[in-house]
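This report describes one protein chain. Please examine the sequence and the structure before reading on.

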Amino acid sequence: MPPLKLTLVVAVALIDTDNRILLAQRPEGKQLAGLWEFPGGKVEPGERPEETLIRELREELGIVVKEPCLAPLTFASYAYETFHLLMPLYVCRRWEGFVQPLEGQGLKWVRPQELRSYPMPPADEPLIPFLVDLLT
């Protein structure tokens, strides 16, 4: 079996003042449509993970995040059928602007204990215990 291509994707747990975490629902037409995930995206060539998050959060949610407000928490490593995903997860509690769905995605603020109630891509699920431990 040939080795799988490594894909670097970065995600963030945006946490509001009530310790709820923002989940985004993948829109129709995208791979894994309908599943809930932590916002973020693929790291482009020459881009650092923090730069990716700042760009993706501006493009997807209309918010401005400053790099010092991104704190690394953990990561996921998951082998999908056609690629291997490496996904650092950051935590962010401070941003400018109001979260809005700019790419047709559903958005939901969720308490840590409720995260498992939302169907997620397999790579996102192992991140839940770290968030529950952090916020409860």
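In this predicted model, strand E1 makes the largest contribution to the lining of the largest pocket, namely five residues. The volume of this pocket is about 630 Å³. Its lining consists of 29 residues, of which Val9, Arg26, Glu37, Gly41 and Lys42 are the closest to the centre. At least two lining residues come from each of the elements E1, E2, strand E4 (40–42), helix H1 (49–61) and E6. Empty space of this kind is revealed when a probe the size of a water molecule is rolled over the atoms.

The interior of the protein is considered next. The largest nonpolar core has 24 residues, and those that touch the most other members are Ile21, Leu23, Phe38, Met87, Leu115 and Leu131. Two or more residues of this core are supplied by each of strand E1 (5–14), strand E2 (21–25), strand E6 (83–92) and helix H2 (128–135). Among these elements, E6 gives the most, with five residues.

Leucine 23 may serve as an example. Leaving aside residues up to four places away in sequence, leucine 23 is in contact with Trp36, Glu37, Phe38, Gly106, Leu107, Lys108, Val110, Leu115, Tyr118 and Met120. There is also a second core, separate from the largest one; this core has 13 residues, including Val12, Leu14, Leu22 and Val65.

The cysteines form a further topic. A disulfide is a covalent bond that joins the sulfur atoms of two cysteines. How many disulfides does the model contain? The count is zero. The table gives the values for two cysteines.

| Cysteine | Closest cysteine sulfur | Distance | Relative accessibility |
|---|---|---|---|
| Cysteine 69 | in cysteine 92 | 5.7 Å | 24%, partly exposed |
| Cysteine 92 | in cysteine 69 | 5.7 Å | 0%, buried |

Why is there no bond between the sulfur of cysteine 69 and the closest cysteine sulfur? A disulfide requires sulfur atoms within 2.5 Å. The sulfur of cysteine 69 lies 5.7 Å from that of cysteine 92, and therefore the two are too far apart for a bond. With regard to the solvent, cysteine 69 counts as partly exposed because its relative accessibility is 24%, whereas cysteine 92 counts as buried because its relative accessibility is 0%.

Finally, a database record may be set beside the model. An unreviewed UniProt entry carries the annotation "domain: Nudix hydrolase" for residues 5–133. Over residues 5–133, helix accounts for 15% of the chain and strand for 35%. The end C-alpha atoms of this stretch are 32 Å apart.

Note on methods
Residues are numbered from 1 along each chain as its sequence is written. This is a predicted model: local features need pLDDT of at least 70, side-chain atom pairs count only at pLDDT 80 or more; totals for chains, interfaces and linings use all residues. Side-chain values use heavy atoms; hydrogens and water are left out. A nonpolar core is a set of buried Ala, Val, Leu, Ile, Met, Phe, Trp, Tyr and Cys residues joined through side-chain atoms within 4.5 Å. Buried means under 20% relative accessible area, exposed over 50%, partly exposed in between (1.4 Å probe, protein chains only). Helices (H or I, at least four residues) and strands (E, at least two) are DSSP runs, numbered from the N terminus. Contact means heavy atoms within 4.5 Å. UniProt positions are given in the numbering used here, feature names are shortened, and annotations may be inferred rather than shown by experiment. On a 1 Å grid over the protein atoms alone, a cavity is a set of points where a 1.4 Å probe fits but cannot get out, and a pocket is an open set with protein on both sides within 12 Å along at least five of seven lines; lining residues have an atom within 4 Å of a point. Grid points are joined across faces, edges and corners, and a volume is the space filled by probe spheres set on the points.
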